Amino acid sequence: MGRCVIKSLPEMKLARSRVEKAKLIRGEKTVAPSLSSFAKGKKYLIKTFGCQGNVRDEETMAGLLELAGFTKTTVEKEADLVIINTCAVRENAEDKVYGEIGKFKANKKANKDFMLAVCGCMMQEEGVAQKLLASYPHITLIFGTHNVPDLLDLLAESVERHKTIVDIHSFAGDIIEDLPAKRNDPYKAFVNISYGCDKFCTYCIVPYTRGRERSRPLEDILKECKELIEAGYKEITLLGQNVNSYGKDFKDGTSFATVLEEVAKLGIARLRFMTSHPWDFSLEMIDIIAKYPNIMKCIHLPVQSGSTEMLRLMGRRYTREEYLALVKNIRERIPDVALTTDIIVGFPNETAEQFEDTLTLCEEVKYDAAFTFIYSPRKGTPAAAIADNVSDEDKHERFNRLLKVIESGVMSHSKTMVGKTYKVLVDGPSKKDETMLSGYTENSKLINFRGPSYLKGEIVDVKIIEDHAFSMIGELVEDPLIIKAKAFKENLLKDPLIKEFLSVSKAIDEDESLIALRKDIEAAQRDLASKVVDDEAHKIAKEKYASLMKEYEEHPLIHNYAALHDDVESLLKEITEGLK
Ligand code: 5AD
Ligand code: SF4
């Protein structure tokens with residue numbers, strides 16, 4: 001493999017190790033001159049599979065690529081650099097990736113500078129990189145989840161040496177701050193609060209592909225959230241494989257409840273979080289969710305199975321009864337909470353009775369939505385060592401029965417929503433019907449309704465008129481023009497210049513010295529008016545009046561106001577011009 005430089009390959013044993021401590025690494029990235037001249041005029045495209053963690057990685061990679069000078073395209077044919085960001089959680093997610101890689105052979109043929117990079121969780125598995133190198137010579141770069149921050153250096157190395165570079169670190173992982181981001185959505189953002197996972201559920205590859213559980217410093221989370229709010233974001237989703245164990249590594253009492261409360265207090269319109277692990281869910285967290293209206297009453301609480309024995313074999317650390325007790329607690333404290341879940345069917349040795357336990361649990365909880373999966377053995381995980389002894393036929397039969405139970409639970413919630421009005425954050429035109437808008441309610445139901453596209457990004461009232469299992473039809477409650485005008489006013493009032501102008505104006509009205517001065521001026525005016533016949537007295541009164549006026553104008557607040565006045569006037573002119 002003379003065309004390849006293999007810098008590192010993954011090792012499950014190292015990935016499992018939790019010995020060294022996570023380091024916090026800060027510092028902005030620089031771009032090698034070779035890469036910035038290569039990137040000139042070139043376009044990138046990133047294809048992401050898998051969870052929100054991968055989506056957030058995509059945004060970091062896009063931020064890095066734009067720093068280097070690449071621009072984004074969504075057209076595969078015109079891309080000069082394609083990154084395939086993979087998922088390893090189940091085998092079918094992996095199968096899709098091979099097809100994607102094959103597709104880009106044509107780009108390489110048509111464009112000698114074309115670069116294909118493959119990254120993400122799948123690369124962290126032993127043997128995958130070697131397999132890719134042997135079958136797909138058009139790959140230029142393979143890197144792992146821990147190497148995302150080094151993307152620009154790896155690309156530069158490949159450009160300079162004209163070689164395929166492979167760099168996949170296997171270690172527990174650090175926390176890297178100050179990376180740029182080019183976000184996919186202008187209104188909804190993901191914010192990582194922790195990385196990795198230490199739960200080691202026996203079926204799951206994530207603790208190996210994403211490393212140890214490590215919490216981001218609270219100050220960095222809050223800084224990112226504040227910047228998002230200032231940029232006009234309406235919704236933040238706090239991300240972690242297990243958000244509820246946030247802060248355990250700090251050992252100073254900081255917990256997920258702390259992050260939730262601090263972010264909620266920043267005033268974001270909608271705050272969500274995922275994913276929750278039942279084992280780490282405290283009453284304090286439930287109470288914080290209940291307390292803040294801007295924390296969405298929607299909890300993704302993977303159960304995986306309704307059988308205590310299966311849960312034990314899965315390494316989930318709770319029983320069926322404990323899970324149901326948690327659900328009861330959540331429902332008592334947050335009455336209209338929406339609960340969603342993940343379920344695996346056909347885990348090794350799952351009996352028909354144990355599967356029935358999953359069905360009865362779902363009937364009891366009545367989830368608002370559920371992601372259901374057929375068990376997929378992942379090499380290197382403890383469960384993969386147990387014979388996968390549930391037949392395919394049984395797995396599919398169980399899967400289909402489960403879907404029906406889930407669907408009837410979902411429908412029972414949807415029915416109660418008809419006729420009621422919900423707040424919907426407008427995502428834009430519906431994917432299925434361009435003439436409709438779509439968006440999500442606070443309890444994460446997808447609503448389609450008629451309305452103009454300028455409502456994108458607004459939170460609007462929609463009355464539900466028809467229910468379907470996975471989406472609903474609604475109608476706008478208010479005139480869209482009025483909604484936009486109100487939003488416009490709200491945004492204007494948030495503008496820092498307008499805010500300062502209004503606060504100076506308020507300070508002027510309340511300032512004691514200015515109140516006294518205004519009274520003196522009025523008195524001086526009256527005095528002046530009464531002395532028009534007496535030249536000498538009039539002259540004195542005029543001087544008194546002029547000196548008071550000078551004092552008034554030179555007051556720092558008045559001075560400030562006058563300076564801001566011109567700026568505000570030109571800002572308003574600019575806006576009205578823009579509206580024409
Ligand atoms: N097989 C099937 N489903 C899995 N998940 C994780 N690992 C596996 C596996 N090996 C599911 C779990 C998890 C979700 C993200 O993916 O339900 O909560
Ligand atoms: Fe995987 Fe379990 Fe960690 Fe979730 S909690 S990422 S299922 S090991």
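**Two ligand sites and a helix pair**

A polar side-chain atom of Arg90 sits 2.8 Å from an oxygen atom of ligand 1, a polar contact (a pair of N or O atoms within 3.5 Å; within protein, one must be able to donate a hydrogen and the other to accept it, and residues adjacent in sequence count only if both atoms are side-chain atoms). This is a predicted model, where local features need pLDDT of at least 70, side-chain atom pairs count only at pLDDT 80 or more, and totals for chains, interfaces and linings use all residues. Residues are numbered from 1 along each chain as its sequence is written, chains are lettered from A and ligands numbered from 1 in the order in which they are written, and side-chain values use heavy atoms, with hydrogens and water left out.

Stay with ligand 1. An N or O atom in the side chain of Gln304 is 2.6 Å from an oxygen atom of the ligand. A polar backbone atom of Tyr203 lies 3.0 Å from a nitrogen atom of ligand 1. Alone, ligand 1 exposes 410 Å², and the protein buries 86% of that (Shrake-Rupley method, 1.4 Å probe).

Now turn to ligand 2. The residues around it (a heavy atom within 4 Å) include Cys197, Cys201, Cys204, His277 and Arg316. Tyr203 is also among the residues around ligand 2.

Finally, look at helices α17 (residues 496-510) and α18 (residues 512-530), which are DSSP runs (H or I, at least four residues), numbered from the N terminus. Their axes, lines fitted to C-alpha atoms over the stretch in contact, are 6 Å apart, at an angle of about 60 degrees. Ile508, Asp509 and Glu510 in α17 meet Glu512, Leu514, Ile515 and Arg518 in α18 (heavy atoms within 4.5 Å).

Note on methods:
Axes fitted to C-alpha atoms, helices over the stretch in contact; angles between N-to-C directions. Helix = DSSP H or I, 4+ residues; strand = E, 2+ residues; numbered from the N terminus.
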